[in-house]
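Colleague: Before I plan anything at the bench, could you walk me through this model, one question at a time?

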Amino acid sequence: MKTFSHCQSCQGLLEIVYVGQESHPACPQTESEKLAHQFVEAIQRDDIPEMKRLEALLDAPRPEPKLGSSALWYAKHAKWPVFPLLPGQKVPATKHGFRDATRDPELIRRWWTEEPLRNIGIPTGPETFDCIDVDGKPGYDSLVQLEKDNHIPDVHGRVSTPRGIHLLIKGTTEGNRVNVRPGIDLRSALGYIVAAPSIVNGKRYSWTIQPSPEIYGKAP
Ligand SMILES: [Zn+2]
């Protein structure tokens with residue numbers, strides 16, 4: 001399985017070859033890459049005070065993204081339409097659900113001003129991306145098998161979810177398919193996903209690999 005993201009320096013397509021990679025080898029490193037690099041050097045020369053100092057910096061909590069501003073970011077930069085879900089839930093907050101999705105910043109602002117704790121829904125399919133939704137231990141087991149059989153297409157973004165992971169792949173018109181394998185659903189045309197940084201059952205969705213240019217920023 002190949003995994004792609006975007007380079008945080010030049011914004012171009014970036015194949016991820018090691019955990020935590022954020023930029024091309026030839027592009028300037030990001031701050032967190034620099035810290036990780038210094039940390040490895042400190043380990044190599046057994047410099048314990050320096051290791052502790054860098055570890056604290058690497059583990060420092062980052063400010064939690066707000067739902068409303070994330071929804072606006074998706075619409076503006078990723079060009080993905082969004083719609084609101086009920087706070088703490090996967091259920092649409094508007095009457096027509098994913099059919100109400102929009103990239104109109106005014107409407108998005110209004111939705112999240114009315115209720116700032118609304119979760120974010122993004123319709124899946126050709127306009128955005130498809131999503132391999134891996135749920136729990138059965139899902140992880142199925143994923144290992146699918147990888148072995150070479151059935152996983154290139155991945156263009158990865159999100160940790162309350163019970164598993166979302167692997168984002170290029171959008172298709174295939175349509176939703178539930179339980180393609182135990183613990184694995186495919187979200188596609190006429191489906192939607194709950195997007196980061198939504199919270200369900202007290203647990204947050206969060207990006208572990210940022211989306212690649214193959215799936216974001218494409219719509220005119
Ligand atoms: Zn680059």
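The exchange below goes through the domains, the core and the sheets of this predicted model.

Colleague: Into which domains is the protein divided, and how many Å separate their centres?

Modeller: The division gives domain 1, covering 4-59, and domain 2, covering 67-209. Taken over C-alpha atoms, the separation of the centres of domain 1 and domain 2 is 28 Å.

Colleague: Which element gives the largest share of the largest nonpolar core?

Modeller: This core holds 39 residues, and Ala71, Tyr74, Val82, Ile122, Leu167 and Ala195 touch the most other members. Among the elements that give two or more residues to this core are helix 3 (67-78), helix 4 (105-114), strand 4 (119-123) and strand 10 (192-195). At least three residues are drawn from each of domain 1 and domain 2. The largest share, 5 residues, belongs to helix 3.

Colleague: Why do the buried residues of helix 3 lie on the same side, and what arc do they cover?

Modeller: In helix 3 the buried residues are Leu67, Gly68, Ala71, Tyr74, Ala75 and Ala78. In general, an α-helix has 3.6 residues a turn, so residues three or four places apart point the same way. The buried residues of helix 3 are on the same side because the arc they cover around the axis is only 155 degrees.

Colleague: Which elements are included in what covers those buried residues of helix 3, and about what angle does the direction of helix 3 make with that of strand 4?

Modeller: The cover over the buried residues of helix 3 includes helix 4, strand 4 and strand 10. Helix 3 packs on the sheet that contains strand 4 and strand 10, touching both of these strands. The direction of helix 3 and that of strand 4 make an angle of about 20 degrees.

Colleague: In the open sheet of 3 strands, which strands stand at the edges?

Modeller: The order of this sheet is 3-4-10, with antiparallel pairing. Strand 3 and strand 4 are joined by 3 bridges, while strand 4 and strand 10 pair over 4 bridges. Because each edge strand has a single partner strand, one side of each is left without a neighbour in the sheet, and the strands in that position are strand 3 and strand 10.

Colleague: Which residue of strand 10 stands opposite Ile122, and is that residue buried or exposed?

Modeller: Ile122 belongs to strand 4, where Ile120 and Ile122 point one way and Asn119, Gly121 and Pro123 the other way, with all of them buried. Strand 10 is covered on both faces, with Tyr192 and Val194 on one side and Ile193 and Ala195 on the other. The residue opposite Ile122 is Ile193, which is buried.

Colleague: In the open sheet of 6 strands, which strands stand at the edges?

Modeller: The strand order here is 8-9-5-7-6-13, with antiparallel pairing. One side of each edge strand lacks a neighbour in the sheet because each has a single partner strand, and these are strand 8 (177-181) and strand 13 (206-209).

Colleague: Which helix packs on this sheet of 6 strands, and about what angle does its direction make with that of strand 5?

Modeller: Neighbouring strands of this sheet are turned against each other by 30 degrees on average, with direction ignored. The helix that packs on the sheet is helix 5 (residues 136-148), which touches strand 5 (130-135), strand 7 (164-169), strand 8 and strand 9 (184-187). The direction of helix 5 makes an angle with that of strand 5 of about 125 degrees.

Colleague: Which residue is the bridge partner of Ser160 in strand 13?

Modeller: Strand 6 (residues 158-160) pairs with strand 13 in the antiparallel sense over 3 bridges. Within strand 13, the partner of Ser160 is Ser206.

Colleague: Does Arg177 count as buried or exposed?

Modeller: Arg177 is placed in strand 8, and, leaving aside neighbours within four places in sequence, its contacts are Asp185 and Leu186. The C-alpha atoms of Arg177 and Ser188 are separated by 7.8 Å, although these residues are 11 residues apart along the chain. A residue with 12 or fewer C-beta neighbours within 10 Å falls in the exposed class. Because Arg177 has 12 such neighbours, it counts as exposed.

Note on methods: Residues numbered from 1 in each chain as written. Predicted model: local features only at pLDDT ≥ 70, side-chain atom pairs only at ≥ 80, totals over all residues. Pairing = 2+ DSSP bridges. Axes fitted to C-alpha atoms, helices over the stretch in contact; angles between N-to-C directions. Contact = placed C-beta atoms within 7 Å. Domains from an automatic or database assignment. Core = buried A, V, L, I, M, F, W, Y, C linked by C-beta atoms within 7 Å. Buried ≥ 20, exposed ≤ 12 C-beta atoms within 10 Å, placed from the backbone. Arc of directions from axis to C-beta.
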